[in-house]
Amino acid sequence: MDIDKVQTQVLYPEVRVRAVKNGGSGTIIYSKPKEDNPRQFSSYAITCHHVVEEAITVRQEWDPKVGREKKTEFRQLVTVELFDYESVPHGNRPVNSSVDAEVVAYDKPHDMALLRLRSNKEVPYVAELFPKDLTESLRIGSPTITVGCALLHDPVVTDGHITHMGDEIDYKLYWMSSALSLFGNSGGAVFSNDKEGETGDYKFIGIPSRIDVIGWGQPVTHLGYFSPITRVREFLEEQMYEFIDPTSGKTEAECEKNRKERADDEKRRLMVEGARG
């Protein structure tokens with residue numbers, strides 16, 4: 001195991017997420033110069049929906065534009081805490097700093113949410129998605145490293161292997177890893193070596209989200225379910241944030257345009273329904 005790579009590719013991109021009374025983990029998966037201002041950066045973290053669920057509320061309110069009541073969604077800002085391991089003496093806790101973030105996309109069935117940091121600064125360490133064309137190389141026995149803010153501690157790293165693939169929970173596909181996963185790891189990350197050896201890089205292969213239980217809900221920490229990279233890409237595509245995946249060939253501006261067109265189509269549909277009603 002290459003410890004330097006474990007630090008820079010696994011540990012350093014991990015963040016802690018706080019939303020209202022809830023807390024959990026997240027992972028920086030994008031931080032690149034903005035297309036309209038290369039001196040400023042656009043940065044995103046991915047987490048679980050249930051970590052930020054309390055920040056999302058829906059109310060029934062009157063909409064004069066469509067002449068009827070409709071459900072209106074409100075999203076509070078959440079806090080993303082970043083960790084700086086390189087600015088402290090050896091053996092000391094990392095410096096942490098916080099930044100506001102917007103919940104720009106979420107999907108409850110997928111149990112995923114995407115956060116856009118309200119900062120123009122570059123986040124220096126970003127998790128890289130496992131190569132799409134190598135996904136089938138991941139199989140039972142492939143080594144894994146899980147990282148997350150277990151019990152809201154600073155990020156904790158554990159290792160194991162992919163132990164199961166193909167379980168369906170609530171109609172969604174999950175994989176399982178034997179790397180210890182504790183409360184607070186939700187929204188963190190599972191990594192695997194893209195060359196299954198000591199020379200490859202560690203790439204993001206999924207998001208810890210569930211732990212198997214026995215008896216009266218006793219958690220089994222080495223039976224941790226995670227949403228696999230195939231579903232992460234599916235989520236990004238459905239939410240029109242495909243630019244985060246470099247293999248998509250999309251730009252941030254293109255995706256923003258597509259989301260606006262979809263939102264405009266939905267507004268027109270609601271206005272037509274209101275006129276009919």
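A salt bridge is taken here as a side-chain nitrogen of Lys or Arg within 4 Å of a carboxyl oxygen of Asp or Glu. The structure is a predicted model, and by this rule it holds 13 salt bridges.

Asp154 is a good place to begin. Its salt bridge with Arg16 has closest N and O atoms 3.4 Å apart. This pair connects distant parts of the chain, since Arg16 belongs to strand S1 (residues 14-19) while Asp154 sits in the loop between strand S9 (143-148) and strand S10 (156-169), a separation of 138 residues. Both partners, Asp154 and Arg16, are buried. Asp154 also forms a salt bridge with Arg93, where the closest N and O atoms are 3.1 Å apart. Here the loop between S9 and S10 is linked to the loop between strand S6 (78-84) and strand S7 (95-107), 61 residues apart. The two ends of this bridge have contrasting surroundings: Asp154 has a relative accessible area of 6% and is therefore buried, the cut-off being under 20%, whereas Arg93, at 62%, passes the 50% limit and so counts as exposed. Through shared partners, salt bridges join Arg16, Arg18, Glu81, Arg93 and Asp154 into one network.

Another salt bridge pairs Lys5 with Asp201, with 3.0 Å between the closest N and O atoms. Because Lys5 lies in helix H1 (residues 3-11) and Asp201 in the loop between strand S12 (189-193) and strand S13 (202-214), this bridge ties together parts that are 196 residues apart in sequence. Asp201 has a relative accessibility of 27% and is thus partly exposed.

The strands flanking the loop of Arg93 come next. S6 and S7 pair in the antiparallel sense over seven bridges, and Val78 has Ala101 as its bridge partner in S7. S7 in turn runs antiparallel to strand S8 (residues 112-117), to which six bridges join it; one of the paired positions is Val103, whose partner in S8 is Leu115. In the hairpin of S7 and S8, four residues lie between the strands, and Asp111 takes a positive phi near 55°.

Leu115 leads on to the nonpolar interior. In soluble globular proteins, nonpolar side chains tend to be buried together. The largest nonpolar core in this model comprises 59 residues, and Val52, Leu114, Leu115, Phe204, Tyr241 and Ile244 have the most contacts inside it. Leaving aside residues up to four places away in sequence, Phe204 touches a set of residues including Ile46, Leu129, Phe130, Val190, Phe191, Ile229 and Val232. Thr27, Glu128 and Gly188 are also among the residues that Phe204 touches.

Conventions:
Residues are numbered from 1 along each chain as its sequence is written. This is a predicted model: local features need pLDDT of at least 70, side-chain atom pairs count only at pLDDT 80 or more; totals for chains, interfaces and linings use all residues. Side-chain values use heavy atoms; hydrogens and water are left out. Helices (H or I, at least four residues) and strands (E, at least two) are DSSP runs, numbered from the N terminus. Buried means under 20% relative accessible area, exposed over 50%, partly exposed in between (1.4 Å probe, protein chains only). A nonpolar core is a set of buried Ala, Val, Leu, Ile, Met, Phe, Trp, Tyr and Cys residues joined through side-chain atoms within 4.5 Å. Contact means heavy atoms within 4.5 Å. Two strands pair if DSSP finds at least two bridges between them.
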